[in-house]
Amino acid sequence: LAYQSTGVIYGDIGTSRLYVYSSTFSSNPSYEDLVGALSLIIWSVTLIVTIKYVLIVLCADDEGEGGTFAMYSLMARYSKITTQDPKTQNMIKMERYKSTEMRPTNKNVRGFLERTRFSRALLKALAVFGVSLILADGILTPAQSVLGAIQGLTVVKPDISIGTVVGVSCAILVLLFLIQPLGIAKIGSTFAPVVIIWLVFNLSFGIYNLVNYDWTVLKAFSPYFAGNFLVRNKTQGWIQLGGILLAFTATRSQIAGVEALFADLGAFSKRAIQISWLCLAYPCLLLAYIGQAAYISRFPAAYSNPFFNTVPPGMFYPSLVISILAAIVASQAIITSTFQLLSQVMSMSYFPQIKKIYTSGRFHGQVYIPIANWLLMIGTVVVTAVYNNTTRLGHAYGVCVILVTFITTNMVALVAIVVWRLNWMLVMAVWLPFALLDGLFLTSAVTKLPDGAWFTLFLAVILASNFILWRFGKEQQWKAERENRPRLSNLVVKGSDGKARLASVFGGGKLTTIKGLGIFFDKGGDMVPTVYEEFLRKFEAQQEVHVFLHLRALSKPHVSDEDRYTVSRTSLPNCYRLTIRHGYNDRVISADLGKIVYHELRRAIIHIQDLSTFSSAVPSSGQPSQTASIAESTAVTSSISTSQRVSTIPESTVVDDRSTALPNDSAPDKRIAALDAAYQQQVVYIVGKEQLRLLVSKNSIFKRIVLATFIWLRENTRAKISQMEVPVEKLVEVGFVKEI
């Protein structure tokens, strides 16, 4: 993983030396200014990248995922700051500490976040905006990296036209995006040798220039010269920080807020990134900048093209070739992080579910998102053609990255207080210096807004608005879906004639029995599926045997047969609940789905060892007791073949589904006979199609616009029933309307 991460994450290091000094100075620098700038570069990379991100922020991951959004997700597991998706809330590991387990100050901070609506909204907005900034930055980074390398051709051929540079850059970018479907593992393994060679080149060149020109620049390791640079140059020195900022924003792949490193955490691991940075990238990076400074101190005019002007004799053309290859690799970090961040955004219901492909069966966090890949390709080609040089592009993306580092600094401080439960004084002592350093760079970068930085901020605001709009709409949808959900015992009751009928509140109609096996797709996996309720209310009928089928996706490539199926009974005769756990490479919905459901139900019924557990544990009064629910749960466990290990539905869910009116003691042979007969007759798949309708009277004009936009987006991005791989003639769609 450390080897692969070198190929994916650190390519951008190669391009940073192409333009940092040229972006910092506008004329030949003096020796004092050169050493001061080098000191700022050394200490910025050391403090912001190495100490803050690699050693601190990488620890603030959410089950292996990194980024500002992952930190928000982590906070949501340790505090009640967000509404959980009903489909996934049973799979989220909530780890909120008891009040007695926290220091008073930490508890007060958590309480403030949970109680105050403004603080919850601000935290959500910051997390979303941080992700949006990186996604917006993803359009500029490939353009910046490739353009920086191709502009090296001007050293060989000064009269080369801008059109040629732009054309070659665009062709390389298109090629880069075309290979993304191969997957992160293959790309990383292929690119790693290129990056390693490039890093060794930079290391060697740095040592060569340091030995042959001016070793005295090593005094830049003293932070005195960094402070002296700012004091001596005052306002101009502050403005020049925008160029020095590129020393680590250009290596944004290494730093999380500078966030691709942190975002790429899901594709690799914390230890892999730490090893590759501390043992390889960091020393090579420092020596490269030091070597360039040693050369420029003797030849000040070399600042205009600092990398190619400082290449040792005889190494120009090899350097040009490897720099172009490294520039291609440099774009990979932000492309990878874009896929990772979009995956996080979708999993937290801030964006519609779009096609996502897992590219590795070994490393489960490596994903590829086709539509994002092609949109990024179009965006980078357009930006390359419009900006056409690295200086303008540097102004455009520097603001984005340093703004995210500032957001990350503040969010990791909250994680330290709420999740890590560190003493608030220790947290403040670490947070304050980093916040001041980020703020210093941020205020300098803001001066570049008129020069192109407004573009990425504008794009980030649009993305963040869409994310928040979608999430707001989903929360309103969940609220509508939670209303008036009956328990099974309140939906179906036993009539005076002993037959099943709807409860009086639902019309009281007698339920007609339809021949066959009915499979109702259950989105939530608990209580009564809405599609089943709507089917009964509309048709007052149900199949001889019916199953509530819930598909539970896990973040692993495959789920073994031993762990895949869970069968449990409900309070209704011949009514079961089946949960199928599946990995992202498992094919669950197929033409054989009905056969699979039938065999799993049959196997469960056959292997019941104690027939009395279904009836003797129920009191004669018909009222469910604690003993009854436990007995039923036990029967579920024993109902599967001994070759399968099964976990049952939570006891509370079973209790919700119990009925006080219907018998639940039919013998296994009768249930097997009923199941066999129903399966032989027909198998019907019943799928719900939920339509949302806007309540005009209860919403303001602005809210109506937002929700109407959400409804439109939802209708145009939802999965179509025709895409289900089950026999069309056996598929039934039940439509119903929810008002929001």
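This report walks through the fold, the nonpolar cores, one helix pair and a few single residues of a predicted model.

## Overall picture

Let us start with the whole chain. The protein holds 28 helices and ten strands. Of its 740 residues, 57% are buried. Contacts reach far along the sequence: among those between residues at least 6 apart, 81% join residues at least 24 apart.

## Nonpolar cores

The largest nonpolar core has 102 residues, and Tyr72, Met75, Leu133 and Tyr350 touch the most other members. A second core, separate from that one, has 29 residues, including Ile41, Ala281, Leu286 and Ala294. As background, nonpolar side chains in soluble globular proteins tend to be buried together.

Leu133 is a handy residue to follow in the viewer. Leaving out residues up to four places away in sequence, Leu133 touches Cys400, Leu403, Val404, Ile407, Leu457 and Ala460. Leu457 and Ala460 also appear on the helix 20 side of the contact between helix 7 and helix 20, where Leu133 is on the helix 7 side.

## Helix 7 against helix 20

A packed pair of helices is described by the angle between the axes and the distance between them. Here, helix 7 (residues 117-150) packs with helix 20 (residues 453-482) at an angle of about 135 degrees, and the axes are 8 Å apart. Helix 7 is therefore oblique to helix 20, since an angle has to be over 145 degrees to count as roughly antiparallel. The crossing of helix 7 past helix 20 is right-handed.

From helix 7, the contact takes in Lys124, Ala125, Val128, Phe129, Val131, Ser132, Leu133, Leu135, Ala136, Ile139 and Leu140. Among their partners in helix 20 are Phe455, Leu459, Leu463, Phe467, Arg471 and Glu475. By residue type, the contact of helix 7 with helix 20 divides into 18 nonpolar, two polar and three charged residues.

## Gln476 and its distant partners

Gln476 is found in helix 20. With a relative accessibility of 17%, Gln476 counts as buried, because the cut-off is under 20%.

Which residues does Gln476 contact, once neighbours within four places in sequence are set aside? They are Lys703, Leu707 and Ile740. Gln476 and Leu707 are 231 residues apart along the chain, yet 8.6 Å separates their C-alpha atoms.

## Three buried loop residues

Most residues other than glycine have a negative phi. Two loop residues are worth a look with that in mind. Ser349 is not a glycine, yet has a positive phi of about 60 degrees. Ser349 sits in the loop between helix 16 (316-347) and strand 1 (357-358), and is buried, at a relative accessible area of 6%. Asn574, also not a glycine, has a positive phi of about 55 degrees. The loop holding Asn574 runs between strand 7 (565-569) and strand 8. Is Asn574 buried or exposed? Asn574 counts as buried, with 17% relative accessibility.

On the other side of strand 8, Ser590 lies in the loop between strand 8 (575-582) and helix 24 (593-606). Ser590 is buried too, with a relative accessible area of 8%. Beyond residues up to four places away in sequence, Ser590 touches Glu725 and Val726.

Note on methods:
Residues are numbered from 1 along each chain as its sequence is written. This is a predicted model: local features need pLDDT of at least 70, side-chain atom pairs count only at pLDDT 80 or more; totals for chains, interfaces and linings use all residues. Side-chain values use heavy atoms; hydrogens and water are left out. Helices (H or I, at least four residues) and strands (E, at least two) are DSSP runs, numbered from the N terminus. Buried means under 20% relative accessible area, exposed over 50%, partly exposed in between (1.4 Å probe, protein chains only). Contact means heavy atoms within 4.5 Å. A nonpolar core is a set of buried Ala, Val, Leu, Ile, Met, Phe, Trp, Tyr and Cys residues joined through side-chain atoms within 4.5 Å. Axes are lines fitted to C-alpha atoms, for helices over the stretch in contact, and angles run from 0 to 180 degrees between N-to-C directions. Angles under 35 degrees count as roughly parallel, over 145 as roughly antiparallel, 65 to 115 as roughly perpendicular and the rest as oblique. A crossing is left-handed if the near helix is turned anticlockwise from the far one by less than a right angle, and right-handed if clockwise. Ala, Val, Leu, Ile, Met, Phe, Trp, Tyr, Cys and Pro count as nonpolar, Asp, Glu, Lys and Arg as charged, and the others, Gly among them, as polar.
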